[in-house]
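Reader: I would like a close look at a single part of this model, with its surroundings described as well. Please take the strand pairing first and work outwards from there.

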Amino acid sequence: MANATLARASKVSKKEKTTREDLNPYRIAQLQFDLAARYIPDLKKGLIEYLKRPARAVYIEFPIQTERGSVRNFVGFRVLHNSVRGPGKGGIRYHPKVTADEVRALASWMTWKCAVVDVPFGGAKGGIICNPKKLTQADLRRITRRFISELGDDIGPHTDIPAPDVNTNAGTMAWIYDTYQVMHPGQDSLAVVTGKPLDIGGSLGRREATARGSLFAAQRAIERGLVDGLDSLEGATVVIQGFGNAGSIAAELFAEQGARILAVSDTGGAVFKGRGLDPALAIAHKRETGSVAGLDGARNISNEELLALECDILIPAALENQIRGDNAADVRAKMIVEAANGPTTPAADEILEENGVVVLPDILANAGGVTVSYFEWVQNLEHQQWDLEEVNDKLRRKMVRATEEVIDEQERVNGGLDEIQSRVKGKSAPTLGLVSLRTAAFILAIRRVANVALERGIWP
Ligand code: NAD
């Protein structure tokens, strides 16, 4: 089926492909789910519908009085997709383009991610429509506090636990904790939020966890021989889109392993250096100027050029829908490691697969963040502080196991297609083709969540 679709796709122009492709993240997340659910023939229709859609979505409109004295209104969302395997878990994003459907998609990806990496959480996500670049710290503090107070008991240490995401950080998490604590006097509420500062119950290694998890997953995939001509990160060429928490730390960690960072980018532009960029210099330059653009000794390039650079590994670490039907054919990386959530669209997935590009999917490749968030939560509940080696070692074991399990799942499904096909019933049953790592990860995750749902029994 993929080949037939591709043959058709190649006959339409790039522009047509962009305009035709549905870039709604929620519909993309549902499509990814549907593609995988076909390979689990025993899954009942009602259960599929239940697992596919969010359990709860909260929409909040609230005012703050800004530092300048005016009153401004904001819209925020918190979505709990599924809590069958444990309390909801997921970041809060501040961005002018946040939508309800984006948050729904991100919440569902959290459900599958937590299942892939096997941490006892469900999926959740939050977002506030705002532009942090145009707000003062005092305004952001008020927005955070008001949003958390409006959420009330929709979040809690055993119900739904926020964390950092795009444009939020440890400082934001400190405000969340403080607000919740003020609303719940006399209770120990440290575990209500993760990604906190170290001196307020944060975990060592959490700041680097997303990027470190991507590193461990990439290393394991390479060791398993998934990438032709690449047997370690030593000397591998790496290109990174997005230079925030996930991207900038990935640059440091991949470079530490001997990789050459060819190019990095942020909203201000992209820079390229054939001999390899020094991540520390890029970080310092961004701190001083607000962007990596204009970095000394590097050449400014466009974001489109960056995605099309010849390299071993491309790490999208910015936002959704960066690699699409209209530009996927330009990608010349051997492997894509999705540090971002939802960077690759389904149309792009087909093209990349056809071109032999290995995609380590987001629900595996960026699961390091939620894994160390889980460690932080455990440390808070047990009043412990683990040392960095312990955190990183536990993270490595989780990521290596999850990577192994996703690769094994892909081999299991692709090796047993005839048997699975024989169990797919109905006249209009689809003909099943080979699955990608993304679909394999979804199959693994859906089965895990479905098993727990069935073991618990549908209440009442
Ligand atoms: P961040 O706000 O720290 O950084 C985002 C970066 O992306 C910034 O440098 C920004 O300038 C850049 N960016 C945005 N749009 C871009 C574009 N079109 N081209 C190039 N650069 C662009 O956010 P983050 O926490 O690093 O999150 C990045 C991605 O990683 C998101 O998809 C997020 O959901 C995902 N993620 C983050 C975590 C975490 O723990 N922070 C965990 C898992 C997944």
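Author: Ile-336 stands opposite Val-359, a residue of strand 12. The model is a predicted one. The two strands concerned, strand 11 and strand 12 (residues 358–360), pair in the parallel sense, and three bridges hold the pairing. Another bridge partner in strand 12 is Val-358, which belongs to Met-335. Between the two strands the chain passes through helix 12 (residues 346–354), and this β-α-β crossover from strand 11 to strand 12 is right-handed.

Strand 11 (residues 332–337) is also joined to strand 10 (residues 310–316), by four bridges, and these two strands run parallel as well. Here Met-335 of strand 11 has Ile-313 opposite. Met-335 thus appears in both pairings, with Ile-313 and with Val-358.

These strands belong to an open sheet of seven strands, whose order is 9-8-7-6-10-11-12 and whose pairing is mixed. Strand 12 is at one edge and strand 9 (299–301) at the other; each has a single partner strand, so one side of each has no neighbour in the sheet. From one strand to the next, the twist averages 25°.

Two helices can be placed against this sheet. Helix 8 (residues 206–223) lies across strand 10, strand 11 and strand 12, and runs at about 125° to strand 11. Helix 9 (residues 245–256) packs on the sheet where it touches strand 6 (237–241), strand 7 (260–266) and strand 10, and its direction makes about 170° with that of strand 6.

The ligand comes next. It is surrounded by 25 residues, of which the closest are Asp-165, Thr-210, Asn-245, Ala-246 and Asn-341. For Asp-165, an N or O atom of the side chain is 2.7 Å from an oxygen atom of the ligand. Arg-93 places a polar side-chain atom 3.0 Å from a ligand oxygen atom. With Thr-267 the atom is a polar one of the backbone, 3.0 Å from an oxygen atom of the ligand.

There is also an open sheet of five strands, ordered 1-2-4-3-5, with mixed pairing. Its edge strands are strand 1 (56–65) and strand 5 (160–164), each of which pairs on one side only. The twist in this sheet averages 25° from one strand to the next. Within it, strand 3 (residues 88–95) and strand 4 (residues 122–129) run parallel and are joined by six bridges. Lys-89 has Gly-123 of strand 4 opposite.

Helix 5 (residues 100–116) lies across strand 2 (71–82), strand 3 and strand 4, running at about 155° to strand 4. Ser-108 has its place in helix 5. Its relative accessible area is 4%, so Ser-108 counts as buried, the limit being under 20%. Apart from neighbours within four places in sequence, Ser-108 is in contact with Ala-29 and His-81. Ala-29 is 79 residues from Ser-108 in sequence, yet their C-alpha atoms are 7.3 Å apart in space.

A last residue is Gln-181, in helix 7 (residues 170–183). Gln-181 is buried, because its relative accessible area is 19% and the limit is under 20%. Leaving out neighbours within four places in sequence, the contacts of Gln-181 are Gly-186, Gln-187 and Ser-189. With Gln-187 there is a polar approach: the backbone oxygen of Gln-187 lies 3.1 Å from a polar atom of the Gln-181 side chain.

Terms used
Residues numbered from 1 in each chain as written. Predicted model: local features only at pLDDT ≥ 70, side-chain atom pairs only at ≥ 80, totals over all residues. Heavy atoms only, no water. Pairing = 2+ DSSP bridges. Axes fitted to C-alpha atoms, helices over the stretch in contact; angles between N-to-C directions. Contact = heavy atoms within 4.5 Å. Buried < 20%, exposed > 50% of the residue type's maximum accessible area, 1.4 Å probe, protein only. Polar contact = N/O pair within 3.5 Å; in protein donor to acceptor, adjacent residues only side chain to side chain. Right-handed = clockwise from strand over helix to strand, strands pointing away. Near = heavy atom within 4 Å.
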